[in-house]
Amino acid sequence: MEPFVYHNPTEILFGPGMIREIAPRIPQEAKILWVYGGGSIFRNGVADQVRAALESRPYIEFGGIEPNPEFVTCMRAVEVARRESVNFVLATGGGSVLDAAKFIAAATVYRGEDPWEILRTHGEVVAGALPIGTVLTLPATGSEANGNSVISRRETREKLHFTSVHVFPKFSVLDPEVTRTLPARYVRNGIVDAFVHVTEQYITRPANAPLQDRLAEAVLATLIDVGPRTLRDPSDLDARASFMWSATLALNTLLGCGVPQDWATHMIGHELTALYGMDHAETLAVVLFGVWTYKLSAKRAKLEQFGRRVWSVVSAEEAMRKTEAFFNSIGMPTRLRDYGVDAAEAAREVSARFRAHGWAFGEDGDINANAVQAILELRR
Ligand code: NZQ
Ligand code: ZN
C-alpha cells in the first residue's frame, strides 16, 4: 500500500426529513447564494423544504445551471455573489449544480484576472472558497462529498475539471425520497457513473491493499443489486437509499486511498461530451471497455479478481462481458455508433486534443494520444 492522506470534512445528513437540518449548519450571519438547475427542485419538494428550513434567513436565488455546467452561466452567478457580498453557497440538485456551486464558491474569492485559470490549472491556483452546503437530488457523481468539479465551455468545446480541498461541502443532505422524480435515464446514468468511479480506483494492478479491494467490490456488488431494483420500482425506497449511499462512497476519496488510480476512461469521456454532447455516463459506458481491452495484460489480475468475487466468473474476458451486459441490461448502450458518433472521427479528434495538451493518464501514465486513438477505434 502506498502512503496516503485521508481527510473528508463533509458532514453527511442522510435520510428523509434531513433538509430541515441545514439551517443550524449555515452560519447565522450568512448571506446565502442558493444555486439550482432547470427546475426539478420545484417538482420533487426540495425547494419547499429548503424555503421552510431557511425561514427568514437572507438568500438570493440563482437558477438555470445546465447539465454539464457552463462557465458563462457560472460567471454570471459569480457576478451576483460579488455584487451582493454573498458568503455561503447552497446547492440543490445533481452533480452539475453541485459542481457549478464549487466553481462559483472558488471563483468568487479568486484574485486572478481570469477565473478559467482555476480549470486550466486543475485547481492549483485555488487558495480559498466560500463555504458550500448541498442538498443532493441525483446519486451519481459523488460531488456531494469530494473536492472535484467539472465545468464546460461550449464556446471552445472544452470540459475541464478542478480539484481543491477548499470546495469539499461543509455538509450534504442525502434524502433518497427526493430522487423519486428522477427519470429512468438519469438513474441509469447514475448507476454507470458510480460503477465506473469504483473501477477507476480498483481495476488497475494488485497493490497489497485487500481492504480497499473488498470495499470496492462491496460497492460494485451493491450497485449491481440495488441499481436495477431502483429502476424497476420507483417506490422501492430501500433500494434507492442504498443506491444513493453507494454513489457517495464510490467517490468520496476513501476507495482510492493508497492504491494506483486510472481515470483514463473519465478523461477520454469528458472530451466526448465536449465534442458530441453525450451524457457523462454514456461516454464512460463506451470508453471503459476500450481502456480495459487496450490494457488487458496489465489489468488482467484485477479483472480476474473482480470477475471471481463480483460476477462469479473466472476470466478477465468474462468479467468484461458481464459488465457490458449489465450496462446494456439497464438500458445503457456501449458503442459509439449507438450514439450516432463516428468512431474513426472521434478517435482522431480526441487523440488530437490529447496530443495538443500533452496528456497521458492511467495508472501507468501511458494513455496518451496514440493510446486514445486505438481505444476509441475499438468502440465503433
Ligand atoms: O437541472 P434540473 O432541473 O435540476 O434537472 C436535472 C438535470 O436535467 C435532473 N434532475 C436532478 N435531480 C432530479 C432531476 N430530475 C428529476 N428529479 C430529480 N430528483 O437531472 C438532469 C441531470 O443532472 P446532472 O446534475 O447534470 O447529472 P449528474 O448528477 O449526473 O451530473 C453530471 C455532471 O457531473 C460531472 C459530469 O462530468 C457532469 O458534468 N461529474 C462530476 C464529478 C465530481 N464532481 O466529482 C465526477 C464525475 O465523474 C463527473 O465528471
Ligand atoms: Zn464520473
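Is His280 buried or exposed? With a relative accessible area of 16%, His280 is buried; the cut-off for that label is under 20%. Keep in mind that we're looking at a predicted model here.

## The zinc site

His280 is one of the protein donors of the zinc ion (ligand 2), and its partners in that job are Asp193, His197 and His266. Asp193 binds through OD, while His197, His266 and His280 each offer NE2. The donors lie 2.0 to 2.2 Å from the zinc ion. If you read along the chain, their spacing goes D-x3-H-x68-H-x13-H.

So what do His197 and His280 tie together? His197 belongs to helix α5 (residues 184-202) and His280 to helix α9 (residues 280-294), so this pair links parts that are 83 residues apart in sequence. His197 is buried, at a relative accessible area of 2%, and His280, at 16%, is buried as well.

## Salt bridges out in the open, or partly so

On to the charged pairs. Side chains of opposite charge can pair when their charged atoms come close. The count for this model comes to 23 salt bridges.

Take Arg25 and Glu21, which form a salt bridge with their closest N and O atoms 3.3 Å apart. Arg25 counts as partly exposed, with 28% relative accessibility, and Glu21 gets that label too, at 29%.

Glu155 and Arg153 make a more mixed couple: the closest N and O atoms of this salt bridge are 3.5 Å apart. Glu155 is exposed at 63% relative accessibility, whereas Arg153 is buried at 17%.

## A buried pair and a network

How far apart in sequence are the parts that Arg379 and Glu324 tie together? Their side chains meet in a salt bridge, at 3.2 Å from N to O. Arg379 sits in the segment after α13 (369-377) and Glu324 in helix α11 (residues 316-329), so the pair joins parts that are 55 residues apart in sequence. Both Arg379 and Glu324 are buried.

Then there's a group that goes beyond a simple pair. Which residues end up in one network? Arg205, Lys295, Asp364 and Asp366 do, joined by salt bridges that share partners.

## Quick recap

For a tour of the structure, you could start at the zinc ion (ligand 2) with Asp193, His197, His266 and His280. From there, look at the buried salt-bridge partners Arg379 and Glu324, then at the network of Arg205, Lys295, Asp364 and Asp366. Finish with the partly exposed Arg25 and the exposed Glu155.

Terms used. Residues numbered from 1 in each chain as written. Chains lettered and ligands numbered in written order. Predicted model: local features only at pLDDT ≥ 70, side-chain atom pairs only at ≥ 80, totals over all residues. Heavy atoms only, no water. Donors = N, O, S within 2.8 Å, 3.2 Å for Na, K, Ca; no water. Helix = DSSP H or I, 4+ residues; strand = E, 2+ residues; numbered from the N terminus. Buried < 20%, exposed > 50% of the residue type's maximum accessible area, 1.4 Å probe, protein only. Salt bridge = Lys/Arg side-chain N within 4 Å of Asp/Glu carboxyl O.
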